[in-house]
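Here is a quick briefing to read with the model open beside you. We'll start at the metal and work outwards.

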Amino acid sequence: MSKLMKPQIAPSVLSADFSQLGAQIDSIVEAGGEVLHLDIMDGHYVPNLTFGPMVVKAIRKMTDMLLEAHLMISEPDKYLKKFISAGADIVLVHASTCASVTDTLDNIHALGAKAGLVVNPDEDLTIVKPYLEQMDQLLIMSVFPGFGGQTFIPGVLDHLPKLLPLLHEHKILVEIDGGINLHTLPGLNRFGIDRFVAGSAVFNASATPKENFLNLLTQISHK
Ligand code: DX5
Ligand code: ZN
């Protein structure tokens, strides 16, 4: 892994019970959670629709955790200011949604947040190479964006080992999103991933978010 930190679990509130969101977030805080992953979908870039800056603002009031906004929306530039003003600390965008990736990453930084690029399972990881200087984070999708609870797609990390030295050189945090659970996590430890997004494996009926979070942590080997 990078020298930045111990690997983390970032719960995605996409699978949370929004009628009890405050309590669910508190449960994550009790477990020692440091980052929340917020999946923003517009029903256009992806077929699903979730929430916007108003809900980010409400979540900001509930917790001091780092908030990362994963924007699965068309024309993200129009909304960067709204999400960052609402409290997003990190903004992650898909390159294909940006008129100019360089400008979008610059704009996110100018607004005071950290910036990252997201790579879909059918995209080549090397598409991020021109932007390494401007990136704080790389999010690798291990499902196609749009829905929680999908099955991990093997092979999305095949090209990570050869890119990892460059990512480390630029102190870029490496994150993976989709299908992360007790079964898939153990096989991912060898890739040097810093942050694992987990939605349905954290927020489900079988245990509290705290219990699920702590169980997932046991599957990460802190090297
Ligand atoms: C998918 C989202 C993911 C999703 C992960 O478009 O980006 O963050 O919530 O959910 P699980 O962990 O259930 O695959
Ligand atoms: Zn996500």
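Is His37 buried or exposed? In this predicted model, His37 has a relative accessibility of 0%, so it counts as buried. That residue is one of those holding the zinc ion (ligand 2), so let's take the metal site before the rest, under the cut-off that buried means under 20% relative accessible area.

**The zinc site**

- The zinc ion (ligand 2) is held by His37 through NE2, His70 through ND1, and Asp39 and Asp177 through OD, at 2.1 to 2.3 Å.
- There are 6 donor atoms around the zinc ion (ligand 2), and with angles of 69 to 167 degrees among them the site is octahedral.
- For reference, ideal octahedral angles at a metal are 90 or 180 degrees.
- If you want to find the donors in the sequence, look for the spacing H-x1-D-x30-H-x106-D.
- Asp39 counts as buried because its relative accessibility is 5%.

**Overall build**

- The protein chain has 6 helices and 8 strands.
- Reading from the N terminus, the order is β-α-β-α-β-α-β-α-β-β-α-β-β-α.
- The radius of gyration is 16 Å, close to the 17 Å from the globule rule for 223 residues, so the protein chain is as compact as a globular protein of that length.
- Along the principal axes, the C-alpha atoms fill a box of roughly 45 × 40 × 30 Å.
- Of the 223 residues, 51% count as buried.
- Take the contacts between residues at least 6 apart in sequence: 65% of them join residues at least 24 apart.

**Salt bridges**

- The count comes to 4 salt bridges, and three pairs, among them Arg60 with Asp89, are picked out here.
- Arg60 and Asp89 meet through their side chains at 2.9 Å, N to O.
- That pair links distant parts of the chain, with Arg60 in helix α2 (residues 53-62) and Asp89 in the loop between α3 (80-86) and β4 (90-94), 29 residues apart.
- Arg60 is partly exposed, with a relative accessible area of 22%, and Asp89 is partly exposed too, at 27% relative accessibility.
- Arg195 and Glu68 also form a salt bridge, at 2.9 Å from N to O.
- Here the partners are 127 residues apart, Arg195 in strand β8 (residues 195-198) and Glu68 in strand β3 (residues 66-72).
- Both Arg195 and Glu68 are buried.
- Lys78 pairs with Glu75, and their closest N and O atoms are 3.4 Å apart.
- Lys78 counts as exposed because its relative accessibility is 54%, while Glu75, at 47%, counts as partly exposed.

**Backbone oddities**

- Glu75, the salt-bridge partner of Lys78, has a positive phi of about 50 degrees although it is not a glycine.
- You'll find Glu75 in the loop between β3 and α3.
- Lys171 has a positive phi as well, about 55 degrees, and is not a glycine either.
- Lys171 sits in the loop between α5 (160-169) and β7 (173-177).
- With 60% relative accessibility, Lys171 counts as exposed.

**Helix α6 and what packs against it**

- In helix α6 (residues 209-218), the buried residues are Pro209, Asn212, Phe213 and Leu216.
- Why do they line one face of the helix? Seen down the axis of α6, the buried residues fall within an arc of 100 degrees, so they line one face of the helix.
- The cover over those buried residues includes β1 (8-11), α1 (21-30) and β8.
- Strand β8 is also where Arg195 of the salt bridge to Glu68 is placed.

**Ala31, next to that helix in contact terms**

- Ala31 lies in the loop between α1 and β2 (35-41).
- At 11% relative accessibility, Ala31 counts as buried.
- Leaving out residues up to four places away in sequence, Ala31 touches Lys210, Phe213 and Leu214.
- One of those, Phe213, is among the buried residues of α6.
- For a sense of distance, Ala31 and Asn120 are 30 Å apart in space, C-alpha to C-alpha, and 89 residues apart in sequence.

Key: Residues numbered from 1 in each chain as written. Chains lettered and ligands numbered in written order. Predicted model: local features only at pLDDT ≥ 70, side-chain atom pairs only at ≥ 80, totals over all residues. Heavy atoms only, no water. Helix = DSSP H or I, 4+ residues; strand = E, 2+ residues; numbered from the N terminus. Buried < 20%, exposed > 50% of the residue type's maximum accessible area, 1.4 Å probe, protein only. Donors = N, O, S within 2.8 Å, 3.2 Å for Na, K, Ca; no water. Tetrahedral: all angles 85-135°; square planar, octahedral: opposite > 155°, others 65-115°. Arc of directions from axis to C-beta. Contact = heavy atoms within 4.5 Å. Rg over C-alpha atoms; globule rule 2.2 N^0.38 Å.
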